Amino acid sequence: MTTSYRLPTASNAEAAAVPDARVFRDAVAAEAMRIRTLRSTYAFLAGGMAATLLGMLILFLLIRSFDGATATDRANYETADPTVVVMPFVMFFVGSIGAMSITTEFTTGTIGPGLLAVPRRRVLLGAKATVVGATGILTGLFFALLSFTGATLLLGDRPAPLNPWPDWTDALPTVISSTLVVMVVSIVALGLGTVLRSTASTLVTLGGLILVAPIFAHFLPTTWQLRFGSILLPNLAPQLAGGNHPYLLPPAAAAAVLAAYLAVTLGAGALTLSRRDVL
Amino acid sequence: MIEIKELTKRYGAAVAVDRLSFEVRPGTVTGFLGPNGAGKSTTLRIILGLHRPTSGEALIGNRRYEQIRRPLREVGAVLDADAAHPGRTAFDHLACLARGNGIGRARVAAVLEQAGLANVAHKRVGGFSLGMRQRLGIAGALLGDPAVILLDEPVNGLDAAGIRWIRSTLRSLAAEGRTVLLSSHLMSEMALTADRVLVIGRGRLLEDTSLTRLRSRFGRDVLVRSPRAAALARLLTELGASVATTRGGGLVAVGVDAPTIADAAASASIPLHELTPRSATLEDIYLDMTSEATEYRSASERAPRP
């Protein structure tokens with residue numbers, strides 16, 4: 001077989017003058033295509049859906065039990081807030097999409113061709129963070145809306161403390177804050193994956209942060225339980241929304257902690273990706 | 001044009017590349033040759049910005065690779081045939097790379113066609129043979145119609161048709177004026193593809209020459225055996241030959257041909273038991289050059305060759 005190429009001339013010379021914004025936009029488009037063509041993305045979305053449906057089932061059982069309880073017992077019921085039941089699992093599954101967007105590249109060696117196409121490492125990581133963050137917002141909003149709509153419909157006009165929102169509009173700040181936390185968790189997972197370079201280690205660390213640490217917090221003395229619990233990622237959602245919650249931080253401080261998670265993990269990812277040899 | 005200037009790369013105490021300097025010029029296929037562990041892949045990775053050099057620099061068209069904004073349009077490279085996600089289709093794998101460099105989907109289809117993968121374009125890479133994955137890698141290298149092409153051991157795992165395809169593709173790309181650098185640990189492969197070879201061992205440049213010059217420099221010798229080896233050695237020296245003794249007691253004479261040796265031995269009544277004119281193959285030349293620089297060898301490989 002023979003080739004029929006001409007020697008590259010004009011079009012490639014023009015490529016040298018491409019502005020930074022265009023380079024970044026193309027890198028983002030390429031990353032969006034990567035995340036879309038990865039089968040694990042859909043598996044984790046299915047995981048998020050399963051967690052939401054399971055959470056709804058748990059809320060349904062809780063409400064049934066509430067309905068059959070005496071008035072005294074009802075006063076002791078936990079709130080039927082999906083922030084507690086559903087969103088940590090959604091954070092884990094959607095965060096895993098963020099982690100896999102880089103770890104599969106290291107485990108399959110596709111980071112090589114990826115960096116050959118976009119050799120400036122911070123541009124590559126920035127493009128990944130943009131796509132992973134956008135995925136976190138879209139999917140986080142979808143699952144948050146789904147679970148909060150489901151919870152509102154299931155709760156009907158039942159009273160507090162089971163019903164955390166006397167009116168459905170009272171749920172909106174929590175929906176927004178949960179979405180924001182899902183976005184941050186996704187980018188945190190990307191940062192962790194960039195540092196750790198292994199899918200297994202990253203998902204275990206992510207699971208530890210989102211699902212295990214809150215359980216661990218329960219074993220601490222009460223004051224430490226509150227201090228430690230208040231800075232954990234899933235617990236930042238209610239603190240960010242304000243209103244009734246058992247934690248310590250006002251919304252502004254919760255936002256600062258969330259920003260710190262983002263800066264530390266993404267910064268560590270950028271630093272290791274820039275400094276370490278690849279392949 | 002690729003320029004390597006005083007390039008050094010250390011991994012802890014190990015020196016992978018040691019003050020390496022060379023140039024790769026357009027219009028030829030340049031072979032980058034060396035035994036396993038010689039530093040070929042490390043050098044290619046530094047050229048492509050994947051590894052950071054400890055000192056020195058590697059430039060493509062006077063720039064470091066990271067400084068190129070649309071690199072696939074200027075440089076095409078294959079480092080590892082397995083560098084595609086097994087869950088993606090061949091088309092999607094290339095489309096992701098192309099999109100990052102503003103290259104359209106029509107071009108993706110065209111390079112898949114050129115690499116003979118058009119009929120499996122929408123199949124997952126996980127089901128591909130090593131040969132098909134090599135072709136996919138090369139299709140990726142051709143995506144941006146680049147002026148510089150770097151391939152690391154591209155014929156590994158290819159069948160005869162695939163090897164022929166690579167050779168003809170590389171030769172025609174060089175004929176169009178492109179810069180082609182091709183690494184291999186097999187001299188036989190280079191003999192059929194390259195015009196010029198850079199031989200490296202233990203990270204250092206051992207040779208930078210054309211294949212023709214290499215062949216002529218390592219000329220013929222004659223292996224000769226006689227029960228009176230010492231007398232024959234004296235006679236050969238008198239004839240102006242340089243003489244070396246092999247392990248089996250034979251003599252290797254350089255600088256004199258077989259008929260001259262036969263006539264002189266007959267005149268001196270020295271019986272000959274063997275008289276073998278030998279021409280060194282490129283493989284022999286290569287092994288001789290790199291024998292000191294080979295990192296991993298068995299005991300039998302370390303023994304001198306007859």
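Start at the interface of chains A and B: 35 residues of chain A are in contact with 46 residues of chain B. Contact here means that C-beta atoms, placed from the backbone, lie within 7 Å. This is a predicted model, in which local features need pLDDT of at least 70, side-chain atom pairs count only at pLDDT 80 or more, and totals for chains, interfaces and linings use all residues. Residues are numbered from 1 along each chain as its sequence is written, while chains are lettered from A and ligands numbered from 1 in the order in which they are written.

Stay on the chain A side. Four helices each supply at least two residues to the side that touches chain B: H1 (10-15), H2 (20-36), H6 (87-108) and H7 (111-117). Helices are DSSP runs (H or I, at least four residues), numbered from the N terminus. H2(A) gives the largest share, 7 residues. By class, this side of chain A has 21 nonpolar, 9 polar and 5 charged residues. Nonpolar covers Ala, Val, Leu, Ile, Met, Phe, Trp, Tyr, Cys and Pro; charged covers Asp, Glu, Lys and Arg; the others, Gly among them, are polar.

Select H2(A) next. Its 17 residues should span 24 Å at 1.5 Å a residue, and the end C-alpha atoms are indeed 24 Å apart. The expected span is 1.5 Å times one less than the number of residues. Colour A:Val23, A:Asp26, A:Ala27, A:Val28, A:Ala30, A:Glu31 and A:Arg34: these are the buried residues of H2(A). Buried means 20 or more other C-beta atoms within 10 Å of a residue's own, exposed 12 or fewer, partly exposed in between, with C-beta atoms placed from the backbone. Their cover includes H6, H7 and H8 (121-155) of chain A, together with H2 (90-99) of chain B.

Now go to A:Ala46, in H3 (residues 39-67) of chain A. A:Ala46 is exposed, because 11 other C-beta atoms lie within 10 Å. Add A:Val94: the two are 48 residues apart in sequence, yet 9.9 Å apart in space, C-alpha to C-alpha.

Move to H9 (residues 172-196) and H12 (residues 233-241) of chain A. Their axes come within 8 Å and cross at roughly 145 degrees. Axes are lines fitted to C-alpha atoms over the stretch in contact, with angles from 0 to 180 degrees between N-to-C directions. Among the residues that meet are A:Leu180 and A:Val181 in H9(A), and A:Leu236 and A:Leu240 in H12(A). The contact divides into 10 nonpolar, 3 polar and no charged residues.

Terms used. Contact = placed C-beta atoms within 7 Å.
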